[in-house]
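The following exercises ask the reader to work through a protein model, from individual side-chain pairs to the chain as a whole. Each task is followed by a solution in steps.

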Amino acid sequence: MTFEQMHLIAPLLVAVQKSGYETPTPIQQQTIPLVLQGRDVLGCAQTGTGKTAAFALPILQRLTGTPWEGRGGPRPVRSLILTPTRELALQIYDNFVAYGARLGLNACVIFGGVPQRPQTDALRRGVDILIATPGRLNDLTGQGFIRLDRLEIFVLDEADRMLDMGFIHDVKRVLKQLPQKRQTLFFSATMPREVEALAMSILRDPATVKVDPVTSTVDSIRQCLYLVDKPNKKLLLAHLLRQPQVENALVFVRTKHGADRVVRELKRAGIEARAIHGDKSQNARQAALSQFKAGDIGVLVATDIAARGIDIAGLSHVFNHDLPNEPEAYIHRIGRTGRAGLAGDAISFCCIDEKKQLRDIEKLIGKPIPQLDSPWPMENFTPSEPKPRVPRPPRLQKPGGITAESRRRGNRKGAGQ
């Protein structure tokens, strides 16, 4: 099937061609016709499969077919795409702008961590398509800058990560503001019971599309593994990053502190790198990502949440400096490379304390990851002793039975009155 056979309008066909798509991916082939028909869709597809275009293209066509001009009143938000992270929101926004360049529809992206004034100014000018993270959306809605009562199409993207990141209550607040009559598209890389229950609460007679489940890895990604002691990971990483075939690399670590440490270690080894994680300001994260995309720096070090939604064209290598605790995260990580039919390499390090994570990953993907030898082979085969749990100190008790916590609650309540 071709994009022309899906009956996309001419401006979208031109935009698709400019974006480098030649033939639709499986998720696009199955989803675009359903969305054009007005169906609710429950989609299960892993990252890197062209999911954004699968909903962006038909949404743009449907909104163009029923323009708001001439209906009277200010232009309302007609489509809302809710997504968990700033980086993913920006990526989706960029795609809508690129695909809809010839259509005259206004798109806007809002997220926290930055001043709201530029976002509210854009909202005042009128927005057809709003891409948002849950916290900032509810904040601006509460301030009266956003109304969703005329929404026509709602997209909940990366639903499994929404639940992992504790956004479920924010999502439910958004759902209460939406009109009953609407089209809803629901996408998730995995489908645990909690995700399916949420989907069934918001969808009406949905068509189900399942493509490339999270237990599968892209064939074009070459995977390999090094068994290496934890102190030697920095040496092995610097050694591999210097290899000529490594054009650019995204390095995954488990913690924010670990990301900063790896950047410092690489700098001492003469390798320029930047870190992105939740403690970095939005401007710092975007600056690092822009430098990486432009090729000004060759190495980006990231935690899982900060890297969610990063789409780097032609990313040659992904390094798992630390194996993730959740095996599904391994699939998401290595899916940053080998995109759009290109080849890529995923290289993982495993110390003795990560053997359980390695077993879980290999069980999930259904095959062992090929092991390679390095100048720093594993020598420590004794797992570290687990750190003892330190009990939390008791809350301070003041005379009269008033705790410090209850005083804080009282102060907050008084401040809100």
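**Exercise 1.** In this predicted model, determine which parts of the chain are linked by the salt bridge between D345 and R222, and classify each partner as buried, partly exposed or exposed.

*Solution.*
1. The closest N and O atoms of D345 and R222 are 2.8 Å apart, and a salt bridge requires a distance within 4 Å.
2. D345 belongs to strand β13 (residues 344-350) and R222 to strand β8 (residues 221-227). The two residues are 123 residues apart, and the pair links distant parts of the chain.
3. Buried means under 20% relative accessible area. D345 has 18% relative accessibility and therefore counts as buried.
4. R222, with a relative accessible area of 48%, is partly exposed.

**Exercise 2.** Locate the partners of the salt bridge between R75 and D128, and state what the pair ties together.

*Solution.*
1. The N to O distance between the side chains of R75 and D128 is 2.8 Å.
2. R75 lies in the loop between α3 (51-65) and β2 (79-82), while D128 lies in the loop between α5 (117-125) and β4 (129-132). The pair therefore ties together parts that are 53 residues apart in sequence.
3. R75 is partly exposed at 25% relative accessibility, whereas D128 is buried at 2%.

**Exercise 3.** Describe the placement of the salt bridge between E265 and R261, then place the bridges within the count for the whole structure.

*Solution.*
1. The side chains of E265 and R261 meet at 3.6 Å, N to O.
2. Both residues lie in helix α11 (residues 256-268). Their separation is 4 residues, about one turn of the helix.
3. E265 counts as buried at 17% relative accessibility, and R261 counts as partly exposed at 27%.
4. The whole structure holds 18 salt bridges. A network of salt bridges links K233, R254, D322 and E354.

**Exercise 4.** Establish the surroundings of T133.

*Solution.*
1. T133 is placed in the loop between β4 and α6 (134-142).
2. Its relative accessible area is 7%, so T133 is buried.
3. Beyond neighbours within four places in sequence, the contacts of T133 are L82, T83, P84, T85, R86, A89, I110, F111 and G112.

**Exercise 5.** Which residues of the largest nonpolar core touch the most other members, and which element gives the most to this core?

*Solution.*
1. The largest nonpolar core has 41 residues, and F55, L57, F96 and L185 touch the most other members.
2. The greatest contribution to this core comes from α3, with 8 residues.
3. Leaving out residues up to four places away in sequence, F96 touches F55, A56, I59, L60, I81, I129 and I131.
4. Another core, of 31 residues, lies apart from it; I110, M162, V174 and L203 are among its residues.
5. As a general background, nonpolar side chains tend to be buried together in soluble globular proteins.

**Exercise 6.** Summarise the protein chain by its elements, its burial, its contacts and its exposed area.

*Solution.*
1. The chain contains 16 helices and 15 strands.
2. Of its 417 residues, 51% are buried.
3. Take the contacts between residues at least 6 apart in sequence: 75% of these join residues at least 24 apart.
4. The chain exposes about 20,600 Å², of which carbon and sulfur atoms supply 51%.

Key:
Residues are numbered from 1 along each chain as its sequence is written. This is a predicted model: local features need pLDDT of at least 70, side-chain atom pairs count only at pLDDT 80 or more; totals for chains, interfaces and linings use all residues. Side-chain values use heavy atoms; hydrogens and water are left out. Buried means under 20% relative accessible area, exposed over 50%, partly exposed in between (1.4 Å probe, protein chains only). Contact means heavy atoms within 4.5 Å. Accessible areas come from the Shrake-Rupley method with a 1.4 Å probe; for residues, only the protein chains shown count as cover. A nonpolar core is a set of buried Ala, Val, Leu, Ile, Met, Phe, Trp, Tyr and Cys residues joined through side-chain atoms within 4.5 Å.
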